[in-house]
Structure formats: structure tokens, C-alpha cells
Amino acid sequence: MGNINELCDDLLVKILLQIPTEEVVATSLLSRRWRSVWKLVPKLDFRDYSYKYHATSAVPSEFIDQFLERNVAPALETLHLNLYHLRDYSPESFEKWVNVAVARNVLDLNLLYCLHCRYPIRFPTSLYTHETLVVLRLRGTIIDDVPSKTRLRSLKTLSLRDISFSSDQTVDRFLSCFPVLETLVVRGWIASNVKTYSIRVASLRSLDVEELVGGYADPRYDHGYVIDAPRLKFLHMVDHFSGFCSLVNVPEELEAEIHLRFCDSDKLLGSLTSAKQLSLCLKPQMDSCLKGDFDQLVFLELCVMCSLDWLNVILKHSPKLRALRLSRTRHSCQNSRNVRTNWERPICIPECLTSSLETVEWIAYEGTEEEENVVKYLLENGNLCFKKRWRKAVYGKFSYEILRLGRG
């Protein structure tokens, strides 16, 4: 086996791309051969954790400065700044680092700024003219003025976490800057100056939204989402605070996972009738009914804490359903009050039970009287494989029981 020192610079750079930047720089101490290799690495991935730097002479901002000054790679392809430590970073330094990255044709940019730092960071103006950026992740940033001619023509992945927008119109204008955007992640946006978060992106394929609050916080019924994404393939949405969600131009073959505390459930589901896969944590209103059938639905997951009342309604309108999963979701139904009502045995047997439904899986099954009634009904009227995952005393552990029962 040859010595690693005999490898060419290109191979050594590929190896160094797999380790943290602090360790990349430290390899310069190994030998004369390694003294300058780190300068060729086209990536700065910096995470400011205080335990790494409390005994060093150089503060994190100086480390970033020195890396950018000495790096001689043809392009700085990746810049990830995860500035979590409470020491203050000046807005001027932040802007300077981004400007260097833009000048060196950065493709993948993470600007994750600690919310507890003294000065909030405004969206760097140089990014508005950077047309080759492909991935952008932001946290703790203020966006209040989007130039009218902004066009980030290459951006495909965008993550917005704890972003402060100045108005509804600013959100709309900002998202309109990405004509080829395919993946969008939104985390934490509830603020008095934005009430309707409009996501109107024609190219969008994947949307992941989470707005979580603890306890029993009251909803803001005048806050919510409008989603207009005609090419959307996957929707993951968890919202325990805002009061409405409107889906516009939802395409066929959508896969949706939706966990909402407060919204017009009937109207929302009416927008998802073309979905092939649905995962729902969604409390029904009184006398819930659906207009139209789920003609394409083949997989359905329901939260038994809040959504079991949907079981009869959706089964009735899902003639092609093949797989059903009943579960306790990982989100905060357990913290919601008065979400359950008693399941009632339906009078008419749904078509899918007698024709298409093949498997039913119940996760965290506890064997209550209500649960036994649901199981009995499904097994009596369907020819299917039923799998129970019993909840054990040890958290996270389940035992399994698989039954192959049904009408002969």
C-alpha cells in the first residue's frame, strides 16, 4: 500500500472535502507535503461552538477571514456559516464574507445566524445579483426590500428558517425571484407584519413547512398559507398556530403529509382529492363531509389521536385504497385538548374494503375498546392483512402481531 503523501493534490482535496474545515486547516501541521493542500479545498464549513474556541487565540471571525484570504481554489463552491455562538458578529463582516463567496462563484451557501446575537443580519445585497447560486439556506435574517430586477436563475433549493419579512408582499416578491426553484423549506414565520404567507412557485416540486408551538397556544386565525404550486409532488406541512391553509392548483399524483390544528378541514381535503398518498393529523369539523372522491388514493395514514373520525369518511370516498396505517404521529396531537370523539360504526361498507384494501397497520396499538371495535369492523368486512404494533412499557418498543383475517 502506497503512502497517502504520494497522492496527487486532486485526490487529497477530495479526501479533505469530507472532514470539517477546522480539521482541514489542521492538516497543514502534518508535514511539508500538506502545508498548502488545505488552501485548494473549495469549501468552508464553519460551525461556531464555543467549546472549540475558548482556549484558542484566534476568534471565529478571524478564522473565517484567514481561510477566505488564503484559499486559492479556482472557485469557492461551498460556504456554510453556522454562527450559533453568542459572541457578536458584525453585520459588516457577514456582508464581506458573502461578497467574497459571490465573487468566487459559490454554488451552495448556508447562512445560519444565531437568533440571540446582538445585531440581526439583513439579506446580503450581493446575493440579489448572483445568478449561479444553486442552494441557499438562511436562518435569522431580515428581508425587507427586494429589488425589482432580482432573478436568481439557478437556485433550486431554498431553506428559510426564522426569517423576518417586512410584509406579505415582500414574501411574494422574494419567492418570485426563483424561476427554477424545486425544493422549499419554511420554518418559523409567524409575525405581526406577515399574515398571509403566499407560496406561488410554478416550478416547485417539494414543499416542507413547519410552524410549531408548545402547549395550548391560541391560533392566529388571520394568519395562514396560500400555496400555488402546479408541479408539486411532495407536501409536508405541520402548522399548530395559523388559522387557514389554501391549496391552489394542486397537481395529480401528489404525496402529502399534513398536520394542522386549526383550519377548514373539509376545504383543505377537497383540494387533495387527486393525491395518491396522504398522511393526516387533522381534526374534522362537525358534520364533516367531502365533495368528490379520492380516485387516485392508494395509501392513507391517519393519526388516531385526532383524525380517527376521518376514517369512515375517507374510506367511503377512496375506491382504490390499498394500504391503511393508523398511528400516533410524532407531532403534538398529544398536547392538544379535546381532539377525540368516539368512532361510530358506519352503516354502509366502503367499496375499498371489499375490493382493493390489502393491508392495515396499527402503530402504537393499545387495545382499547374503541380500537378493538375498529379492528373488528375492518376484519369482518375486508379480506386483508392486519398488523398490530403493541405499545410496550419501554418507550419506543413495540411487539408485533400479524393477522390474516377477513371475509371468506
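Which residue of β9 stands opposite Leu160? In this predicted model, the partner of Leu160 is Val186 in β9. Residues are numbered from 1 along each chain as its sequence is written, and side-chain values use heavy atoms, with hydrogens and water left out. Because the model is predicted, local features need pLDDT of at least 70 and side-chain atom pairs count only at pLDDT 80 or more, whereas totals for chains, interfaces and linings use all residues.

It helps to begin with the strands. Helices (H or I, at least four residues) and strands (E, at least two) are taken as DSSP runs and numbered from the N terminus. Two strands are said to pair if DSSP finds at least two bridges between them. As general background, strands of a sheet pair through backbone hydrogen bonds, in either a parallel or an antiparallel sense. Strands β7 and β9 run parallel and are joined by five bridges. β7 also pairs with β5, again in the parallel sense and over five bridges. Within this second pairing, Val135 stands opposite Thr157 of β7.

Ser159 offers a closer view of β7, the strand in which this residue is placed. Ser159 counts as buried, with 16% relative accessibility; buried means under 20% relative accessible area, exposed means over 50%, and partly exposed lies in between (1.4 Å probe, protein chains only). Contact here means heavy atoms within 4.5 Å. When neighbours within four places in sequence are left aside, Ser159 is in contact with Leu136, Arg137, Leu138 and Val185.

A further set of strands forms an open sheet of three, in the order β4-β6-β8 and with parallel pairing. β4 (121–122) and β8 (164–165) stand at the edges with a single partner strand each, so one side of each is left without a neighbour in the sheet. β6 (residues 141–143) pairs with β8 in the parallel sense over two bridges. The bridge partner of Ile142 in β8 is Ser164.

Charged side chains add another layer to the picture. In general, side chains of opposite charge can pair when their charged atoms come close. A salt bridge is defined as a side-chain nitrogen of Lys or Arg within 4 Å of a carboxyl oxygen of Asp or Glu. The structure holds twelve salt bridges. One of them joins the side chains of Arg153 and Glu131, at 3.5 Å from N to O. Arg153 lies in the loop between β6 and β7 (157–161), and Glu131 in the loop between β4 and β5 (135–139), so this pair ties together parts that are 22 residues apart in sequence. Arg153 is partly exposed at 46% relative accessibility, and Glu131 is partly exposed at 39%.

Another salt bridge is formed by Arg187 and Asp208, whose side chains meet at 3.2 Å, N to O. This pair links distant parts of the chain, with Arg187 in strand β9 (residues 183–187) and Asp208 in strand β11 (residues 206–211), 21 residues apart. Arg187 is partly exposed, with a relative accessible area of 23%, while Asp208 is buried at 19%. Elsewhere, salt bridges that share partners join Arg139, Arg161 and Asp162 into one network. Within this network, the closest N and O atoms of Asp162 and Arg161 are 3.9 Å apart. Asp162 has a relative accessible area of 27% and is partly exposed, and Arg161 counts as partly exposed at 39%.

Turning to the helices, α4 (residues 60–70) packs with α5 (residues 91–103) at an angle of about 20°, and their axes are 11 Å apart. Axes are lines fitted to C-alpha atoms, for helices over the stretch in contact, and angles run from 0 to 180 degrees between N-to-C directions. α4 and α5 are therefore roughly parallel to each other, a term for angles under 35 degrees, with those over 145 counted as roughly antiparallel, 65 to 115 as roughly perpendicular and the rest as oblique. The contact is made by Ser61, Ile64, Asp65 and Leu68 of α4 together with Lys96, Trp97 and Val100 of α5.

Finally, Arg322 is found in the loop between α8 (310–316) and β18 (323–327). Arg322 is partly exposed, with a relative accessible area of 42%. Not counting residues up to four places away in sequence, Arg322 touches Val298, Ser356, Leu357, Glu358 and Thr359. Arg322 and Leu297 are 25 residues apart in sequence, and their C-alpha atoms are 8.3 Å apart in space.
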